[in-house]
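Visitor: Please take a close look at a single part of this model, the aromatic rings and the helices that carry them. After that, say how the rest of the chain is laid out around that part.

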Amino acid sequence: MVGSLSLNEIAWKRTIIFLFLIIIPNFLVMQVQLVGPVNDMVGLGTALDLVIILPLALYFFGFKKRVSWVVLCAFVFWGLLLANWIIPDEADAYLSYFNRSVIVIEAGVIVLELVLFVAIVKRIPLLLKNYKNEKNMHYHFLLSFSAAIQSTFSFKNERLNKFQFTLRILATDIAAIYYSLFSWRKSVPVIEKGKGNTFTFHKNGSYQGVFFMIVHAMIIEIVAVHVIVSNFSYNAAWILTGLDIYTLLFIISDYQAIRLSPVILDSKGIHFQKGIRQYGFVPWEQVNGVNENTKTPKEVDQDRQAIALALHGLEKEPIPYVIKLKEPLEIQQIFGFKKIIESIYLKMDEPHKFNETVHSYLKDINFND
C-alpha cells in the first residue's frame with residue numbers, strides 16, 4: 001500500500017529525529033524502567049505518544065509533500081502495535097481504550113465501505129457495459145476499468161464525484177486480487193497483425209530474480225514475525241500477519257500485471273500499464289519524439305515530471321530511450337493517485353525495434369497531417 005510513495009519523498013532526517021525522540025525515551029521508561037516503576041498514568045502517556053503524537057508528526061513532517069490520509073491510518077496502526085509491545089502489563093490499563101477506539105474506527109470505515117458497496121452494486125450492470133466499451137479503446141485492465149468507473153459514477157454534484165477517487169482505490173484492490181489469485185491461466189494479449197505491436201519490458205535483466213527473492217524473503221518474514229510477535233500479543237501478531245499477507249499479494253499481483261500487460265503501440269498511441277503501479281494512454285499527437293536518453297538512472301529517478309517504463313535488478317541499469325511530450329499529460333497511479341508527466345523513459349526488451357516502431361507511427365501521423 002505504499003507503492004505510490006517514493007523513498008525520495010521521505011524527509012529522512014526529520015523522520016529519524018521523531019522516531020528517536022519519541023520511541024527511545026518511551027522504550028527506556030517502559031521496558032528498562034529507567035526512572036523507576038511505571039503505572040497506568042505513565043502507560044497512558046506512552047500510548048498517547050505512540051498512537052497519536054508520533055503518527056501525526058510523521059504524517060505532517062516526515063514527507064516533503066502531503067501524502068494520502070491512508071498513510072496516517074497505517075502509522076496509527078503501527079503505533080498501536082508498538083504501544084502494545086512496549087507498555088508492560090502493570091501499566092496497560094488505559095491501553096484497552098486505544099485498542100477499542102481503533103476497532104470502532106475500523107468498524108466505521110467498514111460501514112462506509114458497505115454503504116458505498118451497495119451504491120456500486122446498483123450500478124454494476126452499467127459499469128460492466130461501460131467497461132466492455134472501454135476495452136475496445138484500451139487494452140489494459142486498469143485503464144479500461146478506471147475509465148468505466150469515471151463514466152459510470154459521474155454525478156452533477158461535484159462532491160459526489162470525489163467518490164471516484166475511492167472507486168479508483170477499489171480498482172487497485174480488485175486488480176491486486178485478480179492478478180495475484182485468478183490470472184495464472186491468462187496469457188499475454190495478442191494483437192492482430194497490422195493493428196498494433198506489443199513490447200515487453202520485464203524479460204531482459206534480473207528483475208524476475210529479484211521478484212522471486214522478495215517473495216521468498218516475505219514468506220519467511222511472515223512466519224518469523226508472527227511467531228515472535230505472538231509471544232507478546234496474539235492479536236497484534238495476527239494483525240501484523242494480515243498486513244504482511246496483503247503486502248505479499250500486492251507484490252505478486254504487480255509482477256503478474258507486468259507479465260500480462262505489455263506496452264502496446266497502435267494507430268491511436270501508446271497504451272501502457274506498469275504492473276498495478278502506473279497506467280495510461282499517450283496519443284501520438286502528444287508525442288514530440290523519441291530520443292536516446294543521456295541521463296543516468298539516478299537523474300531519471302530525480303525527474304519528477306516523468307515516469308520510467310523500466311524494471312531493474314539489484315543495480316539500476318541505464319535506460320536507452322526517452323519520449324518527450326508536447327505538453328504535460330495526466331496518468332494514473334496506484335490507489336487512484338494521478339501524476340502529470342512530460343517525459344517517459346523506456347527500457348524495452350527489444351529497444352531498437354520499439355524505437356523503429358514509434359518512429360514509423362510518428363512518420364505516418366506527420367504524413368497524414
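**An aromatic cluster and its surroundings**

Guide: Tyrosine 179 is buried, with a relative accessible area of 4%. The model is a predicted one, and that value, like the others here, is computed from it. Phenylalanine 141 is buried as well, at 16% relative accessible area; the cut-off for this class is under 20%. Both residues belong to one aromatic cluster, which is made up of Tyr131, Phe141, Phe145, Tyr178 and Tyr179.

Some context on the rings helps before going further. The structure holds 19 aromatic pairs. One of them is formed by phenylalanine 63 and phenylalanine 75, whose ring centres are 6.2 Å apart and whose planes meet at 20°, so this pair is stacked. Its two members come from distant parts of the chain, 12 residues apart: phenylalanine 63 sits in the loop between helix H2 (40-61) and helix H3 (69-86), and phenylalanine 75 sits in H3 itself. Phenylalanine 63 has a relative accessible area of 9% and is buried, whereas phenylalanine 75, at 22% relative accessibility, counts as partly exposed. The boundary between those two classes is 20%, so the two rings of this pair fall on opposite sides of it.

The pair of phenylalanine 141 and tyrosine 179 has another geometry: 6.5 Å centre to centre and 85° between the planes, which makes it edge-to-face. An angle over 60 degrees is what puts a pair in that class. This pair also links distant parts of the chain, with phenylalanine 141 in helix H6 (residues 141-152), tyrosine 179 in helix H8 (residues 163-181) and their positions 38 residues apart.

H6 has a second helical neighbour to consider. The axis of helix H5 (residues 124-135) comes within 8 Å of that of H6, and the two cross at roughly 130°. That angle falls in none of the parallel, antiparallel or perpendicular ranges, and H5 and H6 are therefore oblique to each other. The crossing is right-handed. On the H5 side the contact is made by Leu126, Leu127, Asn130, Tyr131, Glu134 and Lys135. On the H6 side the residues met are Phe141, Ser144, Phe145, Ala147, Ala148, Ile149, Ser151 and Thr152. Tyr131, Phe141 and Phe145 thus appear in the helix contact and in the aromatic cluster.

Now the rest of the chain. It contains 12 helices and eight strands, and its C-alpha atoms fill a box of roughly 80 × 50 × 40 Å along the principal axes. Of its 369 residues, 43% count as buried. Among contacts with a separation of 6 or more, 70% are between residues 24 or more positions apart.

Helix H1 (residues 12-32) has four buried residues: Thr15, Ile22, Asn26 and Met30. Glutamine 33, which follows H1, has a positive phi near 55°.

Among the strands, S3 (residues 269-274) has six of six residues buried, so S3 is largely enclosed by the rest of the structure. Strand S2 (residues 263-265) pairs with S3 in the antiparallel sense over two bridges, and leucine 265 has isoleucine 270 in S3 as its bridge partner. A hairpin through three residues joins S2 to S3. S3 also pairs antiparallel with strand S4 (residues 278-283), over six bridges, with phenylalanine 272 bridged to glycine 280 in S4. The hairpin of S3 and S4 has three residues between the strands, and glycine 275 there takes a positive phi near 60°.

Strand S6 (residues 306-309) points Ala306 and Ala308 one way and Ile307 and Leu309 the other, with all of them buried. S6 runs parallel to strand S8 (residues 338-346), joined by four bridges, and isoleucine 307 is partnered by isoleucine 344 in S8. In the loop between S6 and strand S7 (321-333) lies glutamate 315, which at 66% relative accessibility counts as exposed. The C-alpha atom of glutamate 315 is 9.0 Å from that of serine 206, which is 109 residues away along the chain.

Definitions and conventions: Residues are numbered from 1 along each chain as its sequence is written. This is a predicted model: local features need pLDDT of at least 70, side-chain atom pairs count only at pLDDT 80 or more; totals for chains, interfaces and linings use all residues. Side-chain values use heavy atoms; hydrogens and water are left out. Buried means under 20% relative accessible area, exposed over 50%, partly exposed in between (1.4 Å probe, protein chains only). Two strands pair if DSSP finds at least two bridges between them. Rings of Phe, Tyr and Trp (its six-membered ring) pair if their centres lie within 6.5 Å; planes under 30 degrees apart count as stacked, over 60 as edge-to-face and the rest as tilted. Axes are lines fitted to C-alpha atoms, for helices over the stretch in contact, and angles run from 0 to 180 degrees between N-to-C directions. Angles under 35 degrees count as roughly parallel, over 145 as roughly antiparallel, 65 to 115 as roughly perpendicular and the rest as oblique. A crossing is left-handed if the near helix is turned anticlockwise from the far one by less than a right angle, and right-handed if clockwise. Contact means heavy atoms within 4.5 Å.
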